[in-house]
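Hi everyone, thanks for making time. Please pull up the structure on your screens, and I'll walk you through a few places in it.

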Amino acid sequence: MSENNAILKIGEEELSIPIITGSENEHALDISKLRGSTGYVTLDVGFKNTGSTKSAITYLDGEQGILRHRGYSIEDLASKASYLEVTYLLINGKLPNQAELDTFDHDIRMHTLVNTDMENIFHSFPTGSHPMGQLMCLVSSLSAFYPGSLNTHPTPERQLKTITRLLAKMPTICAMIYKKKWGHPLVYPNNSLDYVSNFLNMTFGQVTMNYETDPVVADAMNKLLILHADHEQNCSASTVRLVGSSHANLYSSIAAGIAALWGPLHGGANQQVIEMLEKIKADGGNVQKFIDKAKDKNDTFRLMGFGHRVYKNFDPRARIIKKSCDEVLAKLGIHDPILDIAKELEEAALNDPYFAERKLYPNVDFYSGIIYRALGFPTEMFTVLFALGRLPGWMAQWKEMRTEGQPIGRPRQIYTGEPARDFIPMKMRS
Ligand code: CMC
């Protein structure tokens, strides 16, 4: 192995593998030519050790608990930036100056309305259908309302327009889903309000009376959206990139990301955490019983909101959310017994060798649901809020992939089925 190459030996044959080094001194072996020269592929089920792309958007060091977007720490962004600034940063690669932010903000405000025909789609959903299924469907339907987005090689201006449209309409769609859940009349966007306040107004406002945004609620929402804004090549971002790599339009690619996020091992965990805490409470609050269940390999129960594929130290987002959770509940004057159970569960898990040995710590979803609950959202909306926050990250990943002209994503496999055999006609089959 030299500084720039590693040597792979297969039998007597030696192959020089280029070493790629990232800007934070991360190393990778570039095996893209491996099959062509040796006939071998690599096998890594679940991509536990495989980089699918180079990317300049987000840096994550799971061992150190570091998360940075475009070089800025998540701690700084969560405490000092607005969600739209972070959105601009992710999509454009730099922080906006005031004029750039004003233009960005203005353009978004000009696109907040959705076509009223979209309301007809709601009539087709059975009562009680899950908000994430609705969100996926509604976002995908935007490709029908904006057929220009089907252009597979959009100009940068057209691409930006589609990105702006989706950013603008996503809060409107999420709020519509919330209103339809309760059978309440829709509150249309009020473009005099900022991004977060407009969303809160469309969600919690009533057509019959004015709604005053509580700054505590708006601040908490702003922070939560920032903390979810991007997380490099996670399951949903990878899905967005993979779907987009076939030159599928942006709306469909994001709808696919929403589908991936819905799963309980990914974004769907935030709903599951609250349901788990409720279950522990209803069961009498015996935290140890559930810790034991999570450790039992014959039990499918997992401690939701615990563990992470990449973080083997504390999830920095969880640290910020935990602190914010205490502050928001105190400011809103809410005492939620679920928070006490969450803290007890966290302490018990952190002191248990099973969790320590496997480096399982609370992740972003462990405390976020408690804040969403305090803000007034029903549990089924939690993953929708995650999707709302993650949207700029998905779009930045999609844009980077398309701008760089990356090839269609198409993994290899190792076939383990039957070898070739003759077809047996029906009458001869036993
Ligand atoms: N409760 C109990 N045991 C666990 C848990 C958990 N939450 N998470 C992992 N383990 C155990 C697992 O059984 C395995 O044990 P062993 O080595 O004895 O077989 C070991 O820890 C490694 O787990 P893994 O499933 O191989 O790890 P992974 O990287 O494939 O999975 C994970 C990561 C997040 C899917 C998993 O930790 C999990 O299921 N957590 C609960 C769901 C959750 O909170 N998801 C949200 C993730 S953060 C938000 C996001 O960005 O998606």
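Let's start at S140, which sits in helix α6, residues 131-145. A word on those labels: helices are DSSP runs of H or I with at least four residues, strands are runs of E with at least two, and both are numbered from the N terminus. And a word on the model: it's predicted, so local features need pLDDT of at least 70 and side-chain atom pairs count only at pLDDT 80 or more, while totals for chains, interfaces and linings use all residues. Residues are numbered from 1 along each chain as its sequence is written, and side-chain values use heavy atoms, with hydrogens and water left out.

Back to S140. Is S140 buried or exposed? Somewhere in between: S140 is partly exposed, because its relative accessible area is 28% and the cut-offs are under 20% for buried and over 50% for exposed, with partly exposed in between, using a 1.4 Å probe and protein chains only. If you skip residues up to four places away in sequence, S140 touches Y251 and A255, where contact means heavy atoms within 4.5 Å. I254 is 114 residues from S140 in sequence, yet their C-alpha atoms are 7.7 Å apart in space.

Now over to the ligand. Which residues come nearest? There are 22 around the ligand, and H266, R302, L303, G305 and R309 come nearest; to be near, a residue needs a heavy atom within 4 Å. The shell splits into ten nonpolar, six polar and six charged residues. Here Ala, Val, Leu, Ile, Met, Phe, Trp, Tyr, Cys and Pro are the nonpolar ones, Asp, Glu, Lys and Arg the charged ones, and the others, Gly among them, are polar.

For the polar contacts, I'm using pairs of N or O atoms within 3.5 Å; within protein, one has to be able to donate a hydrogen and the other to accept it, and residues adjacent in sequence count only if both atoms are side-chain atoms. R302 has a polar side-chain atom 2.7 Å from a ligand oxygen. On R358, a side-chain N or O atom is 3.0 Å from an oxygen atom of the ligand. F306 uses its backbone instead, with a polar atom there 2.9 Å from a ligand nitrogen. Taken alone, the ligand exposes 940 Å², and the protein buries 79% of that; those areas come from Shrake-Rupley with a 1.4 Å probe, and for residues only the protein chains shown count as cover.

Look at N363 next, in the loop between α16 (353-357) and α17 (364-375). N363 counts as buried, because its relative accessibility is 8%. Leaving out neighbours within four places in sequence, N363 contacts G305, F306, G307, H308, D315 and A318. Two of those names came up already: G305 is among the residues nearest the ligand, and F306 is the one with the backbone contact to the ligand nitrogen.

Next stop, α8, residues 195-204. Why call α8 largely enclosed by the rest of the structure? Because ten of its ten residues are buried. Those buried residues pack against α3 (83-92), α4 (98-109), α7 (156-182), α9 (215-227), α17 and α18 (382-403). At the start of α8, a side-chain oxygen of D194 comes within 3.1 Å of the backbone nitrogen of V196.

Just upstream, N191 is in the loop between α7 and α8. N191 is partly exposed, at 30% relative accessibility. Its side chain has a polar atom 2.7 Å from the backbone oxygen of R109, and a side-chain polar contact, also 2.7 Å, joins N191 to T112.

Last, the strands. β1 (5-10) and β2 (13-21) pair antiparallel over six bridges; strands pair if DSSP finds at least two bridges between them. Together β1 and β2 make a hairpin with two residues between them, and G11 in the turn has a positive phi of about 65 degrees. Within that pairing, L8 has L15 of β2 as its bridge partner.

There's also an open three-stranded sheet, ordered β4-β5-β6 with antiparallel pairing. β4 (58-61) and β6 (72-73) are at the edges with a single partner strand each, so one side of each has no neighbour in the sheet. Two bridges link β5 (66-69) to β6, and H69 pairs with Y72 of β6.

That's my tour, thanks.
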